[in-house]
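Here's a quick tour of a protein structure, written for someone meeting it for the first time. Take a look at the picture, then come back for the details.

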Amino acid sequence: MASAEKHSFAGSDDGTRMWAAMMAVSFACHVAFFVMMHFLPALRPEKKRTLPPAVSVTMVSLPQAEAPSAAPAKPAKTPTPRVQPAPPKPVEPPKPKMPAPEMPAPETPPAPKAKQSLKKQTYRSSKVVDSAISRIEEKVEQESEQRPDPLQDALDRLREQVESSQEVGSTEQPPKETKASSRTGMVGGSSEGILKELELIDIYRMEIAWRVQKNWAFPDRLAGNGDDLVVELAFTVLPNGEIRDVWFDKRSGNRYLDESAKRAVLKANPVGPFPKGVTKSVITVGLRFTPEGVK
Amino acid sequence: MTPTFKRLPSVVMTVVFLIAASIAVPAPADAQRDYEYIDISNPFLRKIPVAIPDFASGNGDPGELQSAEKAGRVLSETLDFSGYFKILDPGAYLEAPRQTGVTAEQITFRNWTVIGAEMLVTGKAAHIDGLLELELRLFDPFKAALLLGKRYRGEPEDFRRMVRRFCSEVIYLLTGDWGVFESRIAFVSDGTGAKEIFLSDFDGHNPRQWTRHDSIVLSPAWSTDGKWIAYTSYAKGKPDLFIRHVEENRGVVVSREGINTSPDWVPGQFALAATLSFSGDPEIYLLTGSGKIIKRITKKWGIDESPSWSPDGRKLAFVSNRSGTPQIFVQEMETGRVQRLTFQGRYNTQPSWSPKGDKIAYTAMENGQINICVIGLDGSAPVQLTSNAGDNESASWAPDGSLIAFSSTREGRSRIYVMTAYGTDQRRLLSLPGEQSSPAWSARMSGP
């Protein structure tokens, strides 16, 4: 409002009128703004949620093995018959395949734990989350003997978060995650549903990351000592699990590494379909590849 | 109307615009940054999965089929040797380019991406006028793109050279370095009853005896151009330094009083450093390729030996007991400044400077075990590459710095082994009668 200020020095009368006019305009605009916000929820800035800023993930291999019993896995059209025998170096015990993102049909939700705004759009997705979490938990446990894995940490955190948010009411939670986790039980109100959906999406993204990691082939030696090689790429996933539009946000300078990262994504295509309860038409997944190199 | 009100509309417009912008702009930005990055740092597979289906033949006559089969096998072995690749099991292949064709138009890349092949090599061998014509192609199935296509023609028995040349191109594409496929290894073997120098291809193929002193030989060293080898022999009753042309029958013997040992060629020059003790104290000297002393390099009482040049020839690593125990030191040639490099353990010898210049491999004896270690020149801690596998010594770097040859007694007798520069993929290089030791890896040679 620099111009308004400037004019107000011109004369007090003019200044007052100007001030009033400006106030009016400002008020009108604010009203317009909030009205728009209300009617166009899509414009609302998305909340930052759940995932800690950098989920550090040292993905331990997850050779595919028996599918988790829980999931009558969807026609998780599996890509890439994994031909290669175990990798030379780190041979890890087989781990369960990643849980298919979608869950068995929602069951009756547990009793509500806290007050909740009831609106339409009830995703009984808590079940879905729970069982996804429990399967992830299993997985995490099975892998716990192995080297520390940032992805596991992330999953742990995610899980804890979900658990705590289920016990505790909606209010105080760990800072950043609060919004996402503040939902309780099952009866999602619309905002609740959205939060839950976001959580589902995060879990889904993690699963995709696992899957991509599983398909990532890169000789450590090509990264030397792993000095600061970072590739950031992102891609969109359609509801049926099809990967579209892989793009680089940041290249490493090591061409082979860049390509290996992209290939890993392509090899993971298609990933499982969206979990039930996700209404988005497309999900974007960002991955950061940071080969540790040879130690 | 005051000027202010005249201006009002424009002010309003500005404000409205700003508000509109504030609403409109964040939305797309948010949509774009709708994701956070999930970190992935451990590749599931630490090699590149490559498919190498059977090679096709020109018209299918038995000779061609045989050439095709041999070329395919050697190509697999050669790529495998580098340690970068995982050759996919042919049983999983969904397509047989041998029948359907080896060119991009004839390949259904989806058949290869679906089995996880990140690279595909096809080949075709044909006999034309008594010559072998070998077509080799490297594809990226995910891009459905030809990365490399070569046609070689030569004597049928030269198929190995053709395949290696192609593999070198593949490695160059991948690493920017020509790799090791056109290099050779010299080593000492006593299979004939005396210690003699043998030469073999980089992969241990085609070993043949090179010296016939019927005596003891030690520590062969290649000149950078691969044309000369210097070594120590007791053929004349004491350790003398022999400098000999690899192919032709010429050379000189440095036979000064005392010992004349542990040569190492100055990179890119017809000159070498060696340990001579005619002064009564083993010191390192710089010699011409014809054996004339240029100057004395080390000037400290005590034993100084086993010189190894940095790739730029400006520094020299060597072993000295000047601090009480044998340790590795580095001397700058220009200034003469000497710095001790190894401090761990009481016995560190046989330095070998990596062709990349950043590391030195050496032999360390600790707790009765002899192992190969690598130490960075930046003062980083040494890394032990071998352990609990007999005695391991005499590290020699491959010309691209990706592999290290060494001798080991892990299977009882001393034999030559190869591992990656990080200690992975340790394997025996060859199997010959007697014991083998002192491997020396040549530079890349395009000739035979």
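Keep in mind that this is a predicted model. We'll start with a couple of cysteines in chain B, move on to a pair of packed helices, and end with some backbone oddities.

**Cysteines**

- B:C373 has a relative accessibility of 8%, so it counts as buried, the cut-off being under 20%.
- B:C167 is buried too, because its relative accessible area is 0%.
- How many disulfides are there over all chains? The count comes to zero.

**Two helices packing in chain B**

- Helix 3 of chain B covers residues 62-82, and helix 6 of chain B covers residues 159-175.
- Their axes sit 9 Å apart and meet at an angle of about 40°.
- That angle is neither under 35 degrees nor in the 65 to 115 range, so helix 3 and helix 6 of chain B are oblique to each other.
- Left-handed or right-handed: which way do helix 3 and helix 6 of chain B cross? Their crossing is right-handed.
- On the helix 3 side of chain B, the contact is made by B:K70, B:A71, B:V74, B:L75, B:T78, B:L79 and B:S82.
- Helix 6 of chain B brings in B:F159, B:R160, B:V163, B:R164, B:F166, B:C167, B:V170 and B:I171.
- Sort the residues of this contact by type and you get 10 nonpolar, two polar and three charged.
- Notice that B:C167, one of the helix 6 residues in this contact, is the buried cysteine with 0% relative accessible area.

**A cis peptide bond in chain A**

- Going from A:N269 to A:P270, the peptide bond is cis, and its omega is near -5°.
- Where should you look for A:P270? Check the loop of chain A that runs between helix 7 (255-268) and strand 3 (283-289).

**Positive phi in chain B**

- B:D214 isn't a glycine, yet its phi is positive, at about 55°.
- You'll find B:D214 in the loop between strand 10 (208-209) and strand 11 (217-222) of chain B.
- Is B:D214 buried or exposed? Its relative accessibility is 64%, which is over the 50% cut-off, so B:D214 counts as exposed.
- B:N388 isn't a glycine either, and it has a positive phi of about 50°.
- The loop holding B:N388 links strand 26 (383-384) and strand 27 (392-397) of chain B.
- With a relative accessible area of 65%, B:N388 is exposed.

Notes
Residues are numbered from 1 along each chain as its sequence is written. Chains are lettered from A and ligands numbered from 1 in the order in which they are written. This is a predicted model: local features need pLDDT of at least 70, side-chain atom pairs count only at pLDDT 80 or more; totals for chains, interfaces and linings use all residues. Side-chain values use heavy atoms; hydrogens and water are left out. A disulfide is a pair of cysteine sulfur atoms within 2.5 Å. Buried means under 20% relative accessible area, exposed over 50%, partly exposed in between (1.4 Å probe, protein chains only). Axes are lines fitted to C-alpha atoms, for helices over the stretch in contact, and angles run from 0 to 180 degrees between N-to-C directions. Helices (H or I, at least four residues) and strands (E, at least two) are DSSP runs, numbered from the N terminus. Angles under 35 degrees count as roughly parallel, over 145 as roughly antiparallel, 65 to 115 as roughly perpendicular and the rest as oblique. A crossing is left-handed if the near helix is turned anticlockwise from the far one by less than a right angle, and right-handed if clockwise. Contact means heavy atoms within 4.5 Å. Ala, Val, Leu, Ile, Met, Phe, Trp, Tyr, Cys and Pro count as nonpolar, Asp, Glu, Lys and Arg as charged, and the others, Gly among them, as polar.
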